[in-house]
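Me: I have a structure here and would like to talk through why its parts are labelled as they are. Could you take my questions one at a time?

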Amino acid sequence: MIPGTIVAYLALLTAIGAWSVRRNRRSSDFFLAGRRLGLLTAVLATMSSIMSGFVFVGGPGLFYTVGLGSFWIVVSASFTGAMMCWLLARPLHDMAANRGCLTIPDVILARYGCRFSSGFAAFGMLLGVIGYLATQLLALGVILAAVLNTSIWTGILVGALVLAIYTTAGGMVAAIYTDLIQGALMLTATVFVFRYAVVGAGGVSSLSATILGEMPEILSPWGMAGPVTCLGWFFLFAVGSLGQPHVVHKLMMLPDLKVLKHFPWILAISMILCSLVWLGVGSSVKSLVLGGRLAPLAHPDESVTTFLRHLAPTWLEALGYAGIVSATMSTADSFVSVGAGVLARDLFRSLGRQPASSLAVARVFSILLFGIALALAFTLKGLVAYVGVLGFGLFAAALTPLLAIGLNWPDAGAWPARISLVVGTVAAVGGEILNRLGHYPLDIPPACVALLLSLVTFLAVGLGLGQRPEQAAST
């Protein structure tokens with residue numbers, strides 16, 4: 001039943017990609033889905049892009065490791081949609097409608113008149129996209145290998161092939177329509193998985209009593225991570241959400257801002273529902289391991305698959321695996337569109353050359369992106385959640401000041417954008433390298449430090465120079 005369900009689901013996604021080919025007639029269709037998003041598609045596409053395998057696989061694994069403190073990462077889900085609408089919706093919509101912008105580096109070039117800022121942002125985005133996409137492909141390969149009883153390499157290749165077909169053929173049109181299905185599937189799966197996870201551990205009372213008796217710090221507000229780390233996660237994901245290109249890019253696809261009237265609260269509810277997988281599976285599996293009903297996990301990221309194998313009925317196991325595949329693929333397809341735009345348009349424009357305009361070239365670059373990501377898929381190690389924090393932090397430190405502040409501050413010129421981009425990117429990468437080598441001395445996450453430095457740099461340089469964008473365009 002389970003392999004057949006997953007194969008049928010993958011076939012459906014492939015069919016959507018083939019159907020979407022006819023709806024791609026120009027570049028705006030491929031990169032912005034023709035700017036035709038309605039309320040439902042906007043909410044589900046945004047939610048699907050955010051709630052990736054990072055939440056469905058990495059979240060339970062991180063709860064298993066550090067406890068309730070990990071939930072500070074998703075607390076901001078209740079208001080990030082409102083922040084995006086308040087700070088980004090109008091300027092991004094206007095850039096797409098009136099300035100012909102198709103990508104985030106397009107927006108940066110149009111706003112600051114600076115090819116360096118646009119090119120540096122594009123390069124940083126490309127690095128982040130490749131790393132994120134490789135992580136998603138690896139997670140997808142692990143799930144498909146378990147479901148289809150094959151090797152991880154075969155699982156990666158199957159997942160990558162389906163993704164490549166529907167994203168390369170249908171572009172953002174296919175990504176949006178598949179996200180619509182994937183988002184609905186994720187919401188359905190998370191409700192049933194949460195219920196059965198709690199029941200499987202004996203209910204909330206039994207679950208809590210077991211953990212409090214064996215390892216009470218797991219259920220403390222800060223968990224095993226500590227207050228500095230938890231508050232750092234909260235700040236990073238609350239503010240840094242405004243700099244995620246695969247998410248805020250969706251705001252450029254809206255035909256009318258009236259669509260956003262009910263967007264924030266619907267997005268908040270859908271994201272909170274998806275986060276129940278994080279809380280329910282993580283706490284349930286931890287309780288069962290501490291109580292001796294399950295063997296200790298070989299790796300924390302096995303939390304959700306362990307639950308599905310040992311505690312879920314067959315129909316829920318099939319639905320759960322489909323939900324995980326949906327979460328992974330819905331984020332990966334958005335990254336493919338962002339990465340293809342960088343390769344086909346943004347890097348060319350930053351060098352002063354005319355970007356490629358044909359759909360065929362955009363599709364070729366999409367395939368190239370898959371090839372690079374596949375080559376990296378087996379080089380990534382560590383918890384999925386920690387890899388997700390790194391990628392999220394890199395995007396946040398590089399882009400949040402330029403978008404959240406710069407699009408709402410007319411006097412901010414090119415130099416604040418240039419310097420904060422470099423400072424944020426170098427700090428994010430350098431901090432993570434020091435952390436991996438064991439030389440990072442702070443409790444606050446490196447990505448949070450990088451975001452703080454980037455924001456302070458943008459404000460300090462902007463206030464110090466007071467240069468208008470019209471002046472910056474001539475520098």
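**Cores, cavities and single residues**

Reply: Gladly! This is a predicted model. Its largest nonpolar core has 139 residues, and Leu88, Leu92, Phe307 and Met329 touch the most other members. Helix α14 (residues 314–350) gives the largest share of this core, 16 residues. There is also a second, separate core of five residues, including Leu394, Ala427, Ala428 and Ala450.

Me: What makes Phe307 a residue with contacts beyond its sequence neighbours, and which residues does Phe307 touch?

Reply: Contact means heavy atoms within 4.5 Å. Leaving out residues up to four places away in sequence, Phe307 touches Val193, Tyr196, Ala197, Val281, Val285, Ala312 and Leu316.

Me: Nice. Why is Thr229 called buried or exposed?

Reply: The cut-off for buried is under 20% relative accessible area. Thr229 has 13% relative accessibility, so Thr229 counts as buried. Thr229 is found in helix α10 (residues 227–239), and Thr229 touches Asp443 and Pro445, not counting residues up to four places away in sequence.

Me: And Leu463: why is Leu463 counted as buried or exposed?

Reply: Here the cut-off is over 50% for exposed. Leu463 has 65% relative accessibility and therefore counts as exposed. Leu463 is found in helix α18 (residues 446–465). The C-alpha atoms of Leu463 and Asp411 are separated by 8.8 Å, with the two residues 52 apart along the chain.

Me: Let's turn to empty space. How many cavities are there of 30 Å³ or more, and what volume has the largest cavity?

Reply: Searching the whole structure gives six cavities of 30 Å³ or more. The largest cavity has a volume of about 270 Å³. A space is called a cavity because a 1.4 Å probe fits there but cannot get out.

Me: What makes up the lining of the largest cavity, and how does the lining divide into nonpolar, polar and charged residues?

Reply: There are 21 lining residues, and Ile50, Phe54, Phe237, Met271 and Phe392 lie nearest the centre of the cavity. At least two lining residues come from each of α3 (39–50), α4 (53–66), α11 (245–248) and α12 (263–290). The lining divides into 12 nonpolar, nine polar and no charged residues.

Me: Last one: how do you know where the predictor's confidence stays under 50?

Reply: By the pLDDT, the predictor's confidence in each residue. The protein's mean pLDDT is 83, and 89% of its residues reach 70 or more. Over residues 469–475 pLDDT stays under 50, and the model has 16 contacts beyond four places in sequence for this stretch.

Key
Residues are numbered from 1 along each chain as its sequence is written. This is a predicted model: local features need pLDDT of at least 70, side-chain atom pairs count only at pLDDT 80 or more; totals for chains, interfaces and linings use all residues. Side-chain values use heavy atoms; hydrogens and water are left out. On a 1 Å grid over the protein atoms alone, a cavity is a set of points where a 1.4 Å probe fits but cannot get out, and a pocket is an open set with protein on both sides within 12 Å along at least five of seven lines; lining residues have an atom within 4 Å of a point. Grid points are joined across faces, edges and corners, and a volume is the space filled by probe spheres set on the points. Helices (H or I, at least four residues) and strands (E, at least two) are DSSP runs, numbered from the N terminus. Ala, Val, Leu, Ile, Met, Phe, Trp, Tyr, Cys and Pro count as nonpolar, Asp, Glu, Lys and Arg as charged, and the others, Gly among them, as polar. A nonpolar core is a set of buried Ala, Val, Leu, Ile, Met, Phe, Trp, Tyr and Cys residues joined through side-chain atoms within 4.5 Å. Buried means under 20% relative accessible area, exposed over 50%, partly exposed in between (1.4 Å probe, protein chains only). pLDDT is the predictor's confidence in each residue, from 0 to 100.
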